[in-house]
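Q: Please take a close look at a single part of this protein and explain what lies around it. After that, place it in the rest of the chain.

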Amino acid sequence: MTPSARLAASIDLLTAMEAAPRKPADAVANSFFRERRYIGGGDRRAVSGLVWDVMREWRRLSWHLEQSGAETPTPRTLAAACLAFKGTPIRDVASLFSDGRFAAGALTFKEKNVLSALAEKSLDDARMPRAVKLELPDWLLPKLEETFGDTLEEELAALSEPATLDLRVNILRNSRQEAQKALAREGLHATLTPLSPWGLRLNGRQPVTSTTLFKDGRVEIQDEGSQLVAAILGAAPQMRILDYCAGAGGKTLALAMMMENKGHIAACDVAEKRLDGAVRRLRRAGVHNVEQHLLQAGDKWAKRRSASFDRVLVDAPCSGTGTWRRNPDARLRMTEQDLEELLTKQAEILDKASTLVKPGGRLVYATCSVLRAENADQVEAFLRRKPDFKLVASDSSALPEKLKETSMFSLSPRQNGTDGFFAAVLTRAEEKNCF
Ligand SMILES: C[S@@+](CC[C@H](N)C(=O)[O-])C[C@H]1O[C@@H](n2cnc3c(N)ncnc32)[C@H](O)[C@@H]1O
């Protein structure tokens with residue numbers, strides 16, 4: 001592809017992303033390239049490179065374009081401005097809009113003026129509002145300031161770094177050291193994760209899913225923070241465990257491992273597709289103590305199992321603000337209304353799931369969010385609604401020294417090298433309504 005054709009394809013991809021604001025950008029990009037198989041590897045990397053740069057710099061680029069007189073920044077002006085701020089002379093950027101075959105149409109008079117006004121400017125500008133400088137929606141800034149205070153900028157920088165690729169070793173099949181050596185034999189260099197007793201860490205993207213180790217269910221891809229959320233539940237052989245928002249089974253698998261495949265796990269979700277996604281993973285890991293259940297309106301399943309589980313995990317649907325390392329576009333896609341709806345849903349799920357905990361049993365509430373409203377505030381409100389629950393120290397032997405016996409943790413990439421995760425352990429009174 002010529003540089004002009006690459007620019008045109010980048011603009012088309014940005015337009016496709018703009019047309020599907022609820023869809024993750026990588027999903028839009030995948031179907032975009034699937035429909036254009038003629039775009040080869042090098043061109044694909046160049047197109048994606050420009051598009052991801054625009055996504056990462058969206059608010060600052062838009063601010064500059066607006067300052068320069070653009071009414072609404074468009075994929076064309078955003079892509080052009082991004083190239084200009086990366087050092088391509090404005091004249092050369094303009095000539096890429098060559099109007100030729102496979103090229104973007106020529107710049108209009110207005111677009112040319114807007115672009116010319118960017119000459120000599122740098123992307124960061126002291127006059128930018130803080131939310132623009134930090135590439136955040138305005139409404140989200142105060143919520144993140146509340147969580148991180150003075151360290152907000154460092155935390156956001158860590159949330160923008162590429163994520164590591166963590167594996168959980170299935171210790172029912174091999175030890176961490178055995179798995180590490182087996183990976184090395186397949187040419188993959190992994191180090192032990194510092195916090196999870198089951199974790200191995202690979203740097204950057206490595207083809208782990210094609211190793212025999214992965215195919216044999218001896219390792220599973222799981223962020224170290226997610227492993228610790230499973231660990232804090234303290235699942236043990238013979239228990240009756242409920243994984244209420246089990247999805248595709250990431251934590252279910254770790255719980256089954258802690259239980260040595262003994263006892264019973266009920267893995268529920270409202271999304272059939274996600275539950276289906278777990279089937280192959282469970283089989284691969286050799287897990288056979290899991291019953292899956294699709295939660296549906298009017299379903300008697302939960303009622304019949306009221307107050308019957310030793311431990312219940314609520315890995316609640318959330319903003320995913322802790323996983324921005326993996327989904328850099330998510331920070332701009334989320335709206336304040338999305339958060340409000342999630343808060344209501346989380347409280348409803350907590351209330352429902354809590355009825356399934358037996359007296360003396362435990363409930364873990366977890367999210368991959370860093371927002372206080374979804375985490376500590378949600379737990380505090382639950383405790384006010386349900387006085388027969390209280391916070392309790394985790395009894396899990398799988399937690400690392402610094403988290404041992406904790407009743408609540410918040411992890412972040414900057415502080416722990418994991419995705420952002422929150423977990424709180426609650427226990428239900430032996431006798432109803434009295435502690
Ligand atoms: C954070 S994800 C779970 C991830 C999963 N536990 C894992 O480790 O792979 C949250 C899940 O909650 C499910 N969910 C949403 N609303 C729910 C509800 N009302 N009851 C139960 N699950 C729900 C979603 O379908 C989603 O799979």
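A: Two residues are in contact if their C-beta atoms, placed from the backbone, lie within 7 Å of each other. The model is predicted. The part chosen here is helix α5, which runs over residues 75-85.

Start with how covered the helix is. A residue is called buried if 20 or more other C-beta atoms lie within 10 Å of its own. By that test, nine of the eleven residues of α5 are buried, and the helix is mostly covered. The buried residues begin with R76, T77 and L78. They continue with A79, A80, A81 and C82, and end with L83 and A84.

Next, the surroundings. The buried residues of α5 pack against five helices: α1 (3-19), α3 (41-56), α4 (58-67), α6 (90-96) and α7 (109-116). After α5 comes G87, which has a positive phi, near 110°.

Now the rest of the chain. The protein is divided into domain 1 (3-128), domain 2 (165-221) and domain 3 (224-428). Between the C-alpha centres of domain 1 and domain 2 there are 39 Å. An unreviewed UniProt entry assigns residues 155-429 the annotation "domain: SAM-dependent MTase RsmB/NOP-type". That span is 34% helix and 23% strand, and its end C-alpha atoms are 38 Å apart.

For a spot away from the helix, turn to the feature "binding site", which UniProt (unreviewed entry) places at D269 and D315. These positions span 47 residues in sequence, yet no two of their C-alpha atoms are more than 10.4 Å apart, so they gather at one spot.

Each of the two can be taken in turn. D269 belongs to strand β6 (residues 264-269). Since 25 other C-beta atoms lie within 10 Å, D269 is buried. Setting aside neighbours within four places in sequence, D269 is in contact with C245, A246 and G247, and also with R274, L275, L294 and L295.

D315 belongs to strand β8 (residues 309-315). D315 is buried too, because 26 other C-beta atoms lie within 10 Å. Apart from residues up to four places away in sequence, D315 touches V229, C245, K251 and A366. C245 therefore appears in both lists, for D269 and for D315.

Note on methods:
Residues are numbered from 1 along each chain as its sequence is written. This is a predicted model: local features need pLDDT of at least 70, side-chain atom pairs count only at pLDDT 80 or more; totals for chains, interfaces and linings use all residues. Domain bounds come from an automatic or database domain assignment. UniProt positions are given in the numbering used here, feature names are shortened, and annotations may be inferred rather than shown by experiment. Helices (H or I, at least four residues) and strands (E, at least two) are DSSP runs, numbered from the N terminus. A residue is buried if 20 or more other C-beta atoms lie within 10 Å of its own, exposed if 12 or fewer, and partly exposed in between; C-beta atoms are placed from the backbone.
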